[in-house]
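Grab a pencil and have a go at a few exercises on this fold. Try each task yourself before you read the solution.

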Amino acid sequence: MSCQVLIVEDDREYQGFLARVLSESGYDVVTRSSGAEGLLFLEAQLPDILITDIVMPDIDGLDLIRKARERYAELKILAISGGGLIQADRYLDAARKMKADAILKKPFIAKVLLKKLAELMEE
């Protein structure tokens, strides 16, 4: 059984890195470049895991996490951030408070990402 992962990341290079790593590891990957696009996808089709960046221009990742958690309690959510105007740790702490299941600080290596996803799927 294939695990579907929705990646919501506005940085095209990072989005490509994530998609490539996950696709090569057997995940069914869908990408969106904004929180609004991610939310539309969630309304149409519920993936197994949502990976979302925090700092994005329209609907930010924190708002996406909050809306996803309200509507889809069973959805596994991994929040990622490299920071922005404030340190990444503060964004990721906020994501935890919004009930993200896991967090990762950018940059991270593929092995760390894959381990985190495996842990999420075991829960």
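Below are four exercises on a predicted model, each with a worked solution.

**Exercise 1. Lay out the sheet**

Work out the order of the five strands in the open sheet, and find its edge strands.

*Solution.* Start with the order: the strands run β2-β1-β3-β4-β5, with parallel pairing. Next, look for strands that pair on one side only; those are β2 (28–32) and β5 (102–105), the edge strands. Finally, check the twist: ignoring direction, neighbouring strands are turned by 20° against each other on average.

**Exercise 2. Zoom in on one strand pair, then add helices**

How many bridges join β1 and β3, and which helices pack on the sheet?

*Solution.* Begin with β1 and β3 (residues 49–53): they pair in the parallel sense over four bridges. For a landmark, find Val 5, which stands opposite Ile 49 in β3. Now bring in α3, which packs on the sheet and touches β1, β3 and β4. The direction of α3 makes about 155° with that of β3. Then add α5, another helix that packs on the sheet, this time touching β3, β4 and β5. Compare the direction of α5 with that of β5 and you get about 175°.

**Exercise 3. Explore the nonpolar cores**

Find out which residues of the largest nonpolar core touch the most other members, and which elements supply this core.

*Solution.* The core has 22 residues, and Leu 42 and Leu 50 touch the most other members. Tracing the suppliers, you'll find that β1 (4–8), α2 (35–44), α3 (61–71), β4 (76–81) and α4 (88–97) each give at least two residues. The top contributor is α3, with four residues. Now pick Leu 50 and list its contacts, skipping residues up to four places away in sequence: among them are Leu 6, Val 8, Leu 42, Leu 64 and Ile 77. One more step: apart from this core lies another, of 20 residues, including Cys 3, Phe 17, Tyr 27 and Leu 120.

**Exercise 4. Cross two helices**

At what angle do α1 and α5 cross, and which residues make the contact?

*Solution.* Take α1 (residues 12–24) and α5 (residues 110–122): their axes come within 11 Å and cross at roughly 65°. The crossing is right-handed. On the α1 side, Phe 17, Leu 18, Val 21 and Leu 22 make the contact. On the α5 side, look for Ala 110, Leu 113, Leu 114 and Leu 117. Sort them by class and you get eight nonpolar, no polar and no charged residues.

Definitions and conventions:
Residues numbered from 1 in each chain as written. Predicted model: local features only at pLDDT ≥ 70, side-chain atom pairs only at ≥ 80, totals over all residues. Heavy atoms only, no water. Core = buried A, V, L, I, M, F, W, Y, C linked by side-chain atoms within 4.5 Å. Buried < 20%, exposed > 50% of the residue type's maximum accessible area, 1.4 Å probe, protein only. Contact = heavy atoms within 4.5 Å. Axes fitted to C-alpha atoms, helices over the stretch in contact; angles between N-to-C directions. Left-handed = near helix turned anticlockwise from the far one by under 90°. Nonpolar A, V, L, I, M, F, W, Y, C, P; charged D, E, K, R; others polar. Pairing = 2+ DSSP bridges.
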